[in-house]
Amino acid sequence: MSTPTPTAALLAEIEEIGRDPERGGYSRPGFAAAELTLRDWFVDHARRRGLDVEIDADGVVWAWWLPADGTRHGAIGTGSHLDSVPGGGAYDGPLGVVSALRAMDLLRARIDRPARPLVLMVLPEEEGSRFGVPCLGSRLLTGELTATRARSLVARDGVPFDEALRSAGLDPEVVGARPEALAGLAAFLELHVEQGRGLADLDRPVALGRSILAHGRWRLEIRGRGDHAGSTLMEDRADPVLVAADVVRAVRAAASRVPGARGTVGRIEVVPGGTNVIASRVLLWFDLRHAEEGVVRDLVEEIIAAASSAAEAEGCGIALSEESFSPEVVFDAALRERLGTLLPQAPVLDTGAGHDAGVLAAAIPTGMLFVRNPTGTSHAPDEVTSDEDAEAGSEALAHVLEDLLAHGLRPPTPTRP
Ligand code: GLV
Ligand code: MN
Ligand code: MN
């Protein structure tokens with residue numbers, strides 16, 4: 001067997017943490033046991049490298065490699081997340097964290113100390129798989145998610161946000177926006193496994209990100225009348241499952257009619273959930289995406305109209321709430337151009353997936369690197385990247401970080417012959 005590359009060796013250290021034998025893949029919800037173990041693992045690696053580690057009030061981990069003057073201002077940040085969707089793959093999130101560690105090792109072999117601070121970051125609950133709000137850590141940091149709303153959230157497993165934070169050793173009373181921390185960041189780069197087949201089709205290992213589709217999540221509650229499956233005549237029913245079936249079809253139909261749109265129902269809860277019970281309630285979540293925010297809003301309207309008429313026909317009621325919305329993000333053009341000069345072989349790709357770099361883009365220049373995923377699959381156990389490509393990703397990240405640390409966001413002036 002060949003020796004794993006250093007990036008693959010780091011990934012191998014965490015390959016047993018948060019495995020989900022029932023769903024397959026990994027289930028690592030934010031602030032719960034597996035994610036906390038992974039965060040401890042990261043902190044341990046950072047401390048072993050002599051980095052100065054802080055965990056802020058929002059649970060964001062910051063691991064600093066400081067310049068000689070000790071400043072934390074004008075920092076270049078890099079990192080990703082360690083939580084996963086239910087039954088997710090091994091790379092979505094961890095690849096960016098592991099590559100940040102590996103890139104810093106590569107840099108340390110080249111330079112004694114950076115001219116500017118480098119900060120490796122781990123952002124909590126990026127998938128929103130536990131509290132429903134994706135990129136929860138970066139939304140708190142930027143203030144896009146208020147402390148009041150965060151503290152009203154209840155996890156899928158019934159644990160209130162405050163309690164989850166306390167059990168992670170954090171104080172919910174001080175959660176919230178951290179403008180001073182953001183102001184210290186000159187830029188943030190997130191490396192991520194590609195969540196499509198762009199690089200595989202182009203036969204390249206690493207790409208740059210250009211944009212993220214506008215996207216959002218909605219929770220629809222459908223209320224019917226619970227009853228007995230055997231004794232209730234068909235014409236006497238108000239069955240919310242029937243309405244849910246129509247909504248699932250409406251989401252598919254609406255998104256299919258608009259080029260470039262995506263619509264998904266990935267989670268449905270039937271209450272109380274018995275084979276011989278007509279349900280009293282169904283909770284259904286849908287996810288909609290398109291480059292244009294207005295198109296996403298129109299799709300929501302269309303789906304709600306379909307849900308209302310299906311509910312009326314069945315004698316059910318509905319209530320809709322928006323769990324999150326993210327407008328389209330186009331990453332900082334100057335930074336992307338700079339990355340393109342440094343990585344001239346890297347194609348530029350758009351993505352339909354959300355990322356912390358997308359949320360942070362509202363406050364600071366951000367950019368992304370994607371690493372080839374031969375299956376193109378993500379949010380599922382088949383997500384993959386090769387050891388060689390993972391290493392190429394870390395090397396590309398180290399290369400661009402070296403330049404940004406040396407010159408800041410201003411590119412070096414070309415010298416005349
Ligand atoms: C996160 O990966 C998302 O795009 O939902
Ligand atoms: Mn994801
Ligand atoms: Mn991710």
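This note goes through a predicted model point by point, from its sheet to its metal sites and ligand and then to two local backbone features.

1. The sheet. Four strands make up an open sheet, and their order across it is E9-E11-E7-E12. The pairing is antiparallel. Strand E9, residues 262-271, and strand E12, residues 317-326, are the edge strands, and each of them pairs on one side only. From one strand to the next the twist averages 15°.

2. A pair inside the sheet. Strand E7 covers residues 214-223 and strand E11 covers residues 281-290. How many bridges join E7 to E11? The number is 10, and the two strands run antiparallel. To find one of these bridges in the structure, start at Gly-216, whose bridge partner in E11 is Leu-288.

3. The helices on the sheet. Helix H9, residues 240-257, packs on the sheet and touches E7, E9 and E11. The direction of H9 makes about 5° with that of E11. Helix H10, residues 293-314, lies across E7, E11 and E12. Relative to E12, helix H10 runs at about 165°.

4. The manganese ion that is ligand 3. Which protein atoms are its donors? They are NE2 of His-81, OD of Asp-92 and NE2 of His-192, and they lie 2.0 to 2.2 Å from the ion. Along the sequence, the donor residues of this ion have the spacing H-x10-D-x99-H. Both His-81 and Asp-92 sit in the loop between strand E3 (75-80) and helix H3 (94-108), 11 residues apart.

5. The manganese ion that is ligand 2. Its protein donors are Asp-92 (OD), Glu-127 (OE, listed twice) and His-379 (NE2), at 2.1 to 2.7 Å from the ion. The spacing of these donors along the chain is D-x34-E-x251-H. Asp-92 is in the loop between E3 and H3, while Glu-127 is in the loop between strand E4 (118-122) and helix H4 (136-142). Asp-92 and Glu-127 are 35 residues apart and link distant parts of the chain.

6. The shared donor. Which residue coordinates both manganese ions? Asp-92 does, and the two ions, ligand 2 and ligand 3, are 3.6 Å apart.

7. The surroundings of ligand 1. The residues around ligand 1 are Glu-127, Arg-217, Arg-289, Ala-353, Gly-354 and His-379. Glu-127 and His-379 also appear among the donors of the manganese ion that is ligand 2. Arg-217 falls within strand E7 (residues 214-223), and Arg-289 within strand E11 (residues 281-290).

8. Polar contacts and burial of ligand 1. An N or O atom in the side chain of Glu-127 is 3.1 Å from an oxygen atom of ligand 1. From His-379, a polar side-chain atom lies 3.1 Å from an oxygen atom of the ligand. Gly-354 takes part through its backbone: an N or O atom there lies 2.7 Å from an oxygen atom of ligand 1. Taken alone, ligand 1 exposes 200 Å², and the protein buries 93% of that.

9. A cis peptide bond. Where is it found? It joins Val-271 and Pro-272, with omega at about 5°. Pro-272 lies in the loop between E9 and strand E10 (277-278). Val-271 is within the range of edge strand E9 (262-271).

10. A positive phi. Asp-203 is not a glycine, yet it has a positive phi of about 60°. Asp-203 lies in the loop between helix H8 (198-202) and strand E6 (206-212).

How values were computed:
Residues are numbered from 1 along each chain as its sequence is written. Chains are lettered from A and ligands numbered from 1 in the order in which they are written. This is a predicted model: local features need pLDDT of at least 70, side-chain atom pairs count only at pLDDT 80 or more; totals for chains, interfaces and linings use all residues. Side-chain values use heavy atoms; hydrogens and water are left out. Two strands pair if DSSP finds at least two bridges between them. Axes are lines fitted to C-alpha atoms, for helices over the stretch in contact, and angles run from 0 to 180 degrees between N-to-C directions. Contact means heavy atoms within 4.5 Å. A residue is near a molecule or strand if one of its heavy atoms lies within 4 Å of it. A polar contact is a pair of N or O atoms within 3.5 Å; within protein, one must be able to donate a hydrogen and the other to accept it, and residues adjacent in sequence count only if both atoms are side-chain atoms. Accessible areas come from the Shrake-Rupley method with a 1.4 Å probe; for residues, only the protein chains shown count as cover. Donors are N, O and S atoms within 2.8 Å of the metal (3.2 Å for Na, K and Ca); water is not among the atoms, so sites may look incomplete.
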